[in-house]
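Trainee: I would like to learn how to read a model of this kind, feature by feature. Could you take me through it, giving the general idea before each case?

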Amino acid sequence: MRHAHLALACALALGASAATTMVLAADAMPDRRRLDADMPQLLNLYKDLHLAPELSRMEEKTSARLAAELRGLGFTVTEGIGKYFAPGYKGYGLVGVMKNGDGPTVLVRADMDALPVEEKTGLPYASTVKVRLPNGQETGVMHACGHDIHVTSLVGTARQLAALQNQWRGTLILLGQPAEETIDGAMAMVRDGLYDKVPQPDYVLALHDWSGMPAGRVGVTPGPAMAQSTQVDIRVRGVGGHGSAPQTARDPVVLAASIVMQLQTIVSRSTSPQKPAVLTIGTIHGGTKRNIIPEEVKLELNMRSYDEETRQILIAGVRRVARGAAIAMDIPEERLPEVTVLDAEFAPVVINDPKLNERVEASLRKALGAENIDHPPAVMGSEDFGRLGLDGKFPSVMFRVGAINPAAYAKATAEGRVMPSTHSPLFAPDPEPTLRTGILGMTQVVLDLMPR
Ligand SMILES: [Zn+2]
Ligand SMILES: [Zn+2]
């Protein structure tokens, strides 16, 4: 930092042509004037994306838009990466590559998918998109995790780095990832030959917007930063019958209710209080009519932890509780619950490589000021970002970008309230300062990792 100021001061004293040389030699920096000029277009892009959110694995228009933006800036774009979900599935992952001489290879990722959430922010650009899910249920769709901020930040960063090619060298890979929310999009791209299509990166980077910080600030967490995530389905089976004659049936609704309550004891009674764990039952579906005892009820669970031992305790606990509760309700042996662990939708712990994290933090300080850097603790949220670094093979870092309007954040804090978090129908990033912070920060990080 001091070094940079000295160079700038000398440069100013020496006049314009010397200034350019000295600043380049000392410190490549984002072009703030260009960012100011780009901001109206970036905000339009953000609002377009926000108005047209697409669910995981359906990011057709979002990926096409990102591809067009990157192509327009001179990146060589490859689309349709990530076809492993199912035969015939197109796969909406894409990469834009810019080769700029010899040097390191840096990959920057933005995820593109939205969530089945009906937006309630009341913003003029709130999403009104509705879709029908495979189970027939109609739902609103919303960028409730702010992946539209991520895509727009990536485009803003691309604009900066395309214009500043005389300040960096190496191979820059910008990646649009589908299906982060289903936690399998990164793996889909890797399995579909991502690293046959682009060179293996020396560094892998990403940012995520955050409701726990005001816009203008960023958060860096070295080491383990986000939990592993395990998805489990329970098919609770009973014996159907007339609602007026429960003695002739075995009611899977009552059994499911019992399983839901007993599952709450796994984290409180089976796992170590010193090891974090979460078990949430996110969906419960069963039955067609009030006077029919149905044949089955389906539960969808999501479990988080930081270590494999705790994960195995959770999985074993779910199997034990489901089976035990069914036996207690006299469910026939052949109708006991089926517990399925969805291996394809497992995400490992996100580990921010400590050495790379130090460099990232230094760049963020330079771009945003030391006073705007936070060190938030690790969270129980999860990400499949680590898959792009082949689970530790390539050093990777994800940093957090505050997304909440600073005045609203200060008021909420003063009143002891928390702002609506990501995945809430009320999550409303303040786009301009959030994008500005993300773009300046990420551009500086890339410039510093790919010096001239
Ligand atoms: Zn999310
Ligand atoms: Zn997210």
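Trainee: How much surface does the protein chain expose, and what share of it do carbon and sulfur atoms supply?

Mentor: An accessible area is best read together with the atoms that make it up. In this predicted model, the protein chain exposes about 19,800 Å², and 55% of that area is supplied by carbon and sulfur atoms. Buried residues, meaning those under 20% relative accessible area, make up 52% of the 452 residues in the chain.

Trainee: What radius of gyration does the protein chain have, and how should I judge the value?

Mentor: One sets the value beside that of a compact globule with an equal number of residues. For 452 residues such a globule would have a radius of gyration near 22 Å, and because the protein chain has 24 Å, the two agree. Along its principal axes, the C-alpha trace spans about 95 × 45 × 45 Å. The chain has twelve helices and 18 strands, and among contacts with a separation of 6 or more, 81% join residues 24 or more positions apart.

Trainee: Which protein atoms are the donors of the zinc ion (ligand 2)?

Mentor: With a metal site, one begins with the donor atoms and then asks where they sit along the chain. The zinc ion (ligand 2) has as protein donors SG of Cys145, NE2 of His147 and NE2 of His208, which lie 2.1 to 2.4 Å from it, and their spacing along the chain is C-x1-H-x60-H. The two histidines link distant parts of the chain, since His147 belongs to helix H5 (residues 147–163) and His208 to strand E7 (residues 203–214), 61 residues apart. Cys145 also coordinates the zinc ion (ligand 1), which is 3.2 Å from the zinc ion (ligand 2).

Trainee: Does His147 count as buried or exposed, and what of His208?

Mentor: His147 has 0% relative accessibility and therefore counts as buried; His208, at 6%, counts as buried too.

Trainee: What is the phi of Asp391, and what is the phi of His423?

Mentor: Most residues other than glycine have a negative phi, so a positive value deserves a second look. Asp391 has a positive phi of about 50°; its place is in the loop between strand E17 (373–374) and strand E18 (396–404), and with a relative accessible area of 45% it is partly exposed. His423 has a positive phi of about 75° and lies in the loop between helix H11 (406–414) and helix H12 (431–449), where its 39% relative accessibility makes it count as partly exposed.

Terms used: Residues are numbered from 1 along each chain as its sequence is written. Chains are lettered from A and ligands numbered from 1 in the order in which they are written. This is a predicted model: local features need pLDDT of at least 70, side-chain atom pairs count only at pLDDT 80 or more; totals for chains, interfaces and linings use all residues. Side-chain values use heavy atoms; hydrogens and water are left out. Helices (H or I, at least four residues) and strands (E, at least two) are DSSP runs, numbered from the N terminus. The radius of gyration is taken over C-alpha atoms; the globule rule is 2.2 Å times the number of residues to the power 0.38. Buried means under 20% relative accessible area, exposed over 50%, partly exposed in between (1.4 Å probe, protein chains only). Contact means heavy atoms within 4.5 Å. Accessible areas come from the Shrake-Rupley method with a 1.4 Å probe; for residues, only the protein chains shown count as cover. Donors are N, O and S atoms within 2.8 Å of the metal (3.2 Å for Na, K and Ca); water is not among the atoms, so sites may look incomplete.
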